[in-house]
Amino acid sequence: IGGGKPQIIGVGREVVGLRKDKSTFPMHLAVIEVWLGGRRTFAGIIHDMTQYENAAAEKYELLHELNRRNRELTCLYRLSEFARTCEREDDLLKAAVEFISAAVAQQNATGCKIVFDSQSYTTRLFQQTPWDLMVPIAVEGRDRGAIYVYLLERAHEENEFQDDRNLITAVAE
């Protein structure tokens, strides 16, 4: 009617729909122009995106879990390969601290330390801070030490570094 450029017609968009029960849901809205008997009218086609968004969230979680497990397996594989050829426990622990640090790869991490039978092994670039992830090392039920990953800042949420803690736990076991 105004002769301006259409801003909605033929352009689908994501909007929020309102159900009869007053709950909202994500939807895709497409508006088309229809001429009926010489009269201009419009029709809207809506598609409930709830299932799509739920599937996308599930896909994200599965990819996150796959990525986490891949990091763990890569670290454990590298450690097992090194252990197979390594002659000294000392060399293995020096390598382990570097492998763990690389696997964690947190921008928030300042370094890694392994304490084993009172010996301490740290990454080349290491800075101890008040905030760490610590997992004890027990061998045959006997406490032998711990693995530490030091952080630049305190975790803001309870499970913020849970993936890294899981990785460290996998190595410690």
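Q: How many bridges join strand β2 to β3?
A: Strands of a sheet pair through backbone hydrogen bonds, either parallel or antiparallel. Strands here are DSSP runs (E, at least two residues), helices are DSSP runs too (H or I, at least four), and both are numbered from the N terminus. Two strands count as paired if DSSP finds at least two bridges between them. In this predicted model, strand β2 (residues 24-36) is joined to β3 by 10 bridges, and the two run antiparallel. Within β2, V34 stands opposite T41 in β3.

Q: On what basis should the model and its numbering be read?
A: Residues are numbered from 1 along each chain as its sequence is written, and side-chain values use heavy atoms, with hydrogens and water left out. As the model is predicted, local features need pLDDT of at least 70 and side-chain atom pairs count only at pLDDT 80 or more, while totals for chains, interfaces and linings use all residues.

Q: In what order do the strands of the open sheet that contains β1 lie?
A: The order is β1-β2-β3, with antiparallel pairing. The edge strands, β1 (13-18) and β3 (39-48), each pair on one side only. From one strand to the next, the twist averages 45 degrees; angles run from 0 to 180 degrees between N-to-C directions, and axes are lines fitted to C-alpha atoms, for helices over the stretch in contact.

Q: Which strands form the open sheet of 4 strands?
A: That sheet has the order β5-β4-β7-β6, again paired antiparallel. Its edges are β5 (119-122) and β6 (131-139), and its twist averages 20 degrees from one strand to the next. Strand β4 (residues 109-116) pairs with β7 (residues 142-151) over 7 bridges, and K113 stands opposite Y148 in β7. Helix α2 packs on this sheet, touching β4, β5 and β7 (contact means heavy atoms within 4.5 Å). Helix α3 (residues 162-172) also packs on the sheet, where it touches β6 and β7.

Q: At what angle do helices α1 and α2 pack?
A: Angles under 35 degrees count as roughly parallel, over 145 as roughly antiparallel, 65 to 115 as roughly perpendicular and the rest as oblique. Helix α1 (residues 50-85) and helix α2 (residues 89-104) pack at about 165 degrees, with axes 10 Å apart; they are therefore roughly antiparallel to each other.

Q: Which residues of α1 meet α2?
A: From α1 come R71, C75, R78, L79, F82 and A83, and they meet residues of α2 including D91, L92 and F99.
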